[in-house]
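User: Please take a close look at one helix in this model, and then at how the chains meet. Keep the explanation plain.

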Amino acid sequence: MLVPNSSFSAEQAAGVFAAADEKVWLEGPAGSGKTSVGVARVLRLLEFGVPAESILIFLPQRSLAQPYLEALRAPSGYHGGQVAIHTLGSLSLRMVETFWFLIAEEAGFKHPQDLPTFLSLEMAQYMMSRVIEPLLDQRDYFHSVRIERARLYSQIVDNMNKAALVGFPISEIGARLKSALAAGPEQAHIFDDAQACAQAFREHCLARNLLDFSLYVEVFKQQIMGLPQARAYLRSRCRHLIVDNVEEDNPASHRFLAHLLETCQSALIICDRDAGFRRFLGADPQNARRLRRFCDVSLELKDSVVMGAEMQALSNALAAQLGAAAEAQQADPRLAIISEAHRYHPQMVDWVADQVSRLIAEEGVAPEQIALLAPFLSDALRFGLAEALDKRGIAARSHRPSRALRDEPAARALLALARIAHPHWRLAPPGMDIAFALMTAIDGLDLVRAALLTEMLYRGGKLHPFADIQSAAMQDRITFELGQRYDALYTWIQRYIDAKQTLALDIFFRRLFGEVLSRVGFGFHRDVDAGNISMNLVDSARGFRWSLEFMSRYDEPVDLGLEYVKMVDRGLIANFYLRDWLADSDGAALIAPAYTFLLSNRAVDYQFWLNIGSDGWSRRLYQPLTHPHVLSLQWPAGAVWTDDDERELDRRTLRSLLLALTRRCRRAVYLGYSELSESGYEGRGLLLETLQAALRRLPREEAHV
Amino acid sequence: MKLSADFAFTQGSLGDYADCPRRFELRYLRRMRYPALEVRQALDYEARIRKGQRFHKLLQQHLLGVPADLLARSLADDDELRAWWEIALSKGLDGLPRERRAETTLESSLAGQRLLAKYDLLALEPGGEAVIIDWKTGARLPLRKALANRMQTVVYRYVLASAGAQIYGGPIPPERIRMDYVYVAAGGARLSFPYSAAQMEADETRLTDMVGAIDAAAEFPLTEDERRCRFCNYRSYCDRGEAGDFNDFDFDDAEEDEDALALDFDQIAEIEF
Ligand code: SF4
């Protein structure tokens, strides 16, 4: 038997063992065992004899699939076909790709007989830059906006995604933003510019068969769903639906699910109460609830199977402080908090590392049961924490999906060496980059000697052989062995330059990696991280080449390597890869931005909330060109966004964040506070205020914060 | 051995183990991605893999209802691909049972592990024949004996026999199963491998022994046959020589590797966080 009867509460069992033609709505807070019901339900359906290929598991994000995948792959598992697991994005892409030749013309593509090119986020931003940069210069677009260009592009991409997910034409982006946000003509101009850029980009894509996320979701909704072949396929593949975290999904997903729910045989829709923290990605919990009307049965799970009583009390106290209905406390929330105030930021980092060390050494906590969370994770904080933990012998892994790939040492080294090897680009790197690249590339070379080598052997954008060092003392200082390694690298690059046969950049990276850097005596040898990062860079450069090679049918060809390196310089390449995110977590504490932790949907024993004085915990990113709330389905047409709305949003954001975090914490939260922040300012954000106020309301004892 | 909780054995991973235990360890246990080249002529290799993938996609699209003439129009600039496509249509689908399923995956359990097979095409008739079609785009026909012994032949037939009951409408007698390799670049030559209960038993023993050996392995030694290192991208990790030559590469294996050159689109919808 795949699903044991005894391991569920009565409510859970009602969801798991519902009839194979029943549609069930299941709601409850995070940590109440809803996903366990979803997983067991899939296994139960298989046990019923439901064909695996007629089951669709639909999720807002791929990383949430892990518990399902693991259960389906359990050794005692079923024999048969494969259960499909999709997000709206993955399903849309697959369907558009499959039925492309049936819909391309109707969807308005100029070359319907050619293949489509799907754009990753970084490629969409790059293509956007190609379309918009001339407009920025010619028409003086966005002249009053002071943000990095990469962020400008990403906000225009974001607007287009919102239009597809919420369900309004891109021609309304400007008007919607203006009516709610434009305080004067200057701001109105900005939104007009954003509108014009979105439209120019869409036209550019239609003329070249390019499909960014917004366009393939749009084509899926408009064309694919009307296609008999596609509908027949979906009907046969989606007879039994399992939808998890429906509150984190967007209106386009909800509409698609409503369509399936009308005809499917059974369904389990799982909704997390008080969540919806993916709003910045289009989540619409209110709209999700409308799917309830398609269900025959509604079930509710109330009790957390994660939080202890004190943690539950803390969760309630914080939510109540931020406007939720107060609940009678069964325990003292102060027992779920450990905190210590510090004057300076580095002191806080040390305190955090000491506490982590103590938990592991004295209380036997497994490192993977500890998450160190901050609203944003700067390189300095990430590095400081990792180093402090390392000193105490504790392994840590960190993931910051929007960190630029060029900031990873392995990628930086490969990029710097590529610049030297392609002198015709005229992009010789500065000496510091070369010293850094040599240190990374050559095993045993420290930064001091790498800097010396650079000073003596890097001239006019070129490396020179080790023998060019005249002073024997200096050669000794570098050492003969390291000199030989340097020469091997130098010779490889020089031969490449002399051959005058420029390779595709991704192939160049692969050869340099395989023929030198991963060999014995070089920095990437047997280094798993360097291998993975190099592979991510190769994937990114190859995706870039493929897209642009295909476009050379329609546009003037460009120097692909040079263009790619410029794109990296503009910060357009990030390290968004899910496979790294899911890498084995055993034996290492996690360092991550709070939202990244939440999106992996797992609970830990201990959380450390760092920089609790920062207003980043409640405040949304500065995004002058877009607005997740104004561009949502819930925003009333014609309403104006006010300061009160902003304050209320801060409170709601923080409330759902704190609920989501505490519900994924079993034992205690450590609060990391320093009077002076990383950048030396005093911070008194809403989180700190809330913690203090919530604890002040408690009887007798003094507040700890 | 510690495989990830969502791991399933495939003909590819078992083939890797049979070739070199160390490769299995690096690829599936340590999940090490390693960008070194498989062959010296990297762009030729890439173009060949992409063309093979495009061909498989075309057949999948066709079997899901996209008309052949519409698909053929997209092949105007590639004579070779068009020739493969025409041969597949004219010879590959001949005389197959009515019910056809493109790109179907079946899973079964074996010796406490999951075993998975992804089929290009399954053609079956409840109570009648169950035919596995595997498209090959290599121009050279392998020796029949080598193909019979190939991990793909072993795994695909075994998994269909043990996990195909639902799509067949009841247990499939092994004698009803046949696996056809169709070589579209060799004029549509077809190499067929029927199945039997005795063969299934022998396959089960072989697969169980392999999975058991992997399960029990404390070490994953490097292969002693260094010829197997020529096209392995871990060469520099193992200090095992230089990349092999494109013309010696067997594309039959690469064709089954879904991840070869796959772009990762999971990053797509994520905005700064
Ligand atoms: S290089 Fe050779 S020894 Fe190393 S993993 Fe590959 S096949 Fe095995």
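Analyst: Helix H16 of chain A covers residues 409-421, and because each residue should add 1.5 Å, its 13 residues should span 18 Å; the end C-alpha atoms are 18 Å apart, which agrees. The expected span is 1.5 Å times one less than the number of residues. Helices here are DSSP runs (H or I, at least four residues) and strands are runs of E (at least two), numbered from the N terminus.

This is a predicted model, in which local features need pLDDT of at least 70 and side-chain atom pairs count only at pLDDT 80 or more, while totals for chains, interfaces and linings use all residues. Residues are numbered from 1 along each chain as its sequence is written, chains are lettered from A and ligands numbered from 1 in the order in which they are written, and side-chain values use heavy atoms, with hydrogens and water left out.

Of the 13 residues of H16(A), 11 are buried, so the helix is largely enclosed by the rest of the structure. Buried means under 20% relative accessible area (1.4 Å probe, protein chains only). Among the buried residues are Leu414(A), Leu415(A), Leu417(A), Arg419(A) and Ile420(A).

Now the interface. Chain B has 63 residues in contact (heavy atoms within 4.5 Å) with 82 residues of chain A. The rule finds 8 salt bridges across this interface, a salt bridge being a side-chain nitrogen of Lys or Arg within 4 Å of a carboxyl oxygen of Asp or Glu. Asp77(B) forms a salt bridge with Arg553(A), where the closest N and O atoms are 2.6 Å apart.

Technical notes. Buried < 20%, exposed > 50% of the residue type's maximum accessible area, 1.4 Å probe, protein only.
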